[in-house]
Amino acid sequence: MAPIPGSGLAKGLAVTLRTMTKKTVTAQYPDAQPELPPRTRGVIGLFEENCTVCMLCARECPDWCIYIDSHKETVPPAAPGGRERSRNVLDRFAIDFALCMYCGICIEVCPFDALFWSPEFEYAETDIHELTHERDKLREWMWTVPAPPALDPAAEEPKELSAARKTAEKLAAAQAEPAPQAEPAGRPDSAQADSADPQEGES
């Protein structure tokens, strides 16, 4: 059976009319910012104080988009007669987000919690070279990292916290105990005179 002329137009108008009666769900970005979940992978922030230049993040990155430079410095001994130590000092930490595929491996392998996910995603650039964020820029992203979610009330306390609490309780108990008083080495002169032999006084 041949289709009725104009049936396709009628179906299209029917869909349009049904849609016009429904409430719109379109968010007018950028006037209305989206509510992103806390684990959104937007951009990576660097907490420089925790970085020990172990290079694990750069070695494990599948895209080789992390660039780290450092140098060694000699640290004087902490106590007299001690030995000098050497430590790595961070000179450069950069991430090329034009190459990054947001896998999160660098954040997972960091043993010192120096890298964090930030939900910020508005960092588009007109020049691709500007997508290489140096450590100063990565430090700025740290202020946008959300706080970690609260622990489950029924979860066990972390071992680190329980060990620290036990140590603090032991120190507090040791400070609360009174110091033992030293016994007198000898009796006073008056006591010695009273305890003298009475026969010596009679003679």
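Isoleucine 66 has isoleucine 95, in strand β3, as its bridge partner. This pair offers a point of entry into the sheet of what is a predicted model. The pairing to which it belongs joins β2 and β3 (residues 85-96) in the antiparallel sense, over ten bridges. A further position in this ladder is held by aspartate 69, which stands opposite arginine 92 in β3.

The sheet as a whole is open and consists of three strands in the order β2-β3-β5, with antiparallel pairing. Its edges are β2 (66-75) and β5 (132-133), each of which pairs on one side only. On the β5 side, two bridges connect β3 to β5, and these strands run antiparallel. Here aspartate 96 stands opposite threonine 132 in β5. As a general point, side chains in a regular strand alternate between the two faces of the sheet.

Arginine 92 leads from the sheet to the charged contacts. Besides standing opposite aspartate 69, arginine 92 forms a salt bridge with glutamate 134, in which the closest N and O atoms are 3.0 Å apart. Glutamate 134 is located in the loop between β5 and α4, whereas arginine 92 belongs to strand β3, so the salt bridge ties together parts of the chain separated by 42 residues in sequence. Both partners are partly exposed: the relative accessibility is 33% for glutamate 134 and 29% for arginine 92.

The structure holds six salt bridges. Another of them is formed by glutamate 48 and arginine 135, with 2.9 Å between the closest N and O atoms. This pair links distant parts of the chain, 87 residues apart: glutamate 48 lies in the loop between β1 (43-46) and α2 (56-60), and arginine 135 lies in helix α4 (residues 135-141). Glutamate 48 counts as partly exposed at 26% relative accessibility, and arginine 135 is likewise partly exposed, with a relative accessible area of 23%. Why does arginine 135 count as partly exposed? Its relative accessible area of 23% is not under 20%, the limit for buried residues, and not over 50%, the limit for exposed ones, so the residue falls in between.

A further salt bridge joins glutamate 157 to arginine 165, the closest N and O atoms being 2.3 Å apart. Glutamate 157 is partly exposed, with a relative accessible area of 40%, and arginine 165 is also partly exposed, at 42% relative accessibility.

The surface also carries a nonpolar feature. Tyr29, Leu36 and Phe121 form a nonpolar patch there, with about 280 Å² of accessible area together. Within this patch, phenylalanine 121 is placed in the loop between β4 (115-118) and β5. Phenylalanine 121 is partly exposed, with a relative accessible area of 38%.

These details can be set within the chain as a whole. The chain contains seven helices and five strands, which follow the pattern α-β-α-β-β-α-β-β-α-α-α-α along the sequence. Of its 203 residues, 18% are buried. The accessible surface of the chain amounts to about 16,400 Å², and carbon and sulfur atoms account for 56% of it. Among contacts with a separation of 6 or more, 72% are between residues 24 or more positions apart. The salt bridge between glutamate 48 and arginine 135, described above, links parts of the chain that are 87 residues apart.

Technical notes: Residues are numbered from 1 along each chain as its sequence is written. This is a predicted model: local features need pLDDT of at least 70, side-chain atom pairs count only at pLDDT 80 or more; totals for chains, interfaces and linings use all residues. Side-chain values use heavy atoms; hydrogens and water are left out. Two strands pair if DSSP finds at least two bridges between them. Helices (H or I, at least four residues) and strands (E, at least two) are DSSP runs, numbered from the N terminus. Patches are made of residues with over 30% relative accessible area and no salt bridge: like charges are joined within 9 Å, nonpolar side chains (Val, Leu, Ile, Met, Phe, Trp, Tyr) within 5 Å. Accessible areas come from the Shrake-Rupley method with a 1.4 Å probe; for residues, only the protein chains shown count as cover. A salt bridge is a side-chain nitrogen of Lys or Arg within 4 Å of a carboxyl oxygen of Asp or Glu. Buried means under 20% relative accessible area, exposed over 50%, partly exposed in between (1.4 Å probe, protein chains only). Contact means heavy atoms within 4.5 Å.
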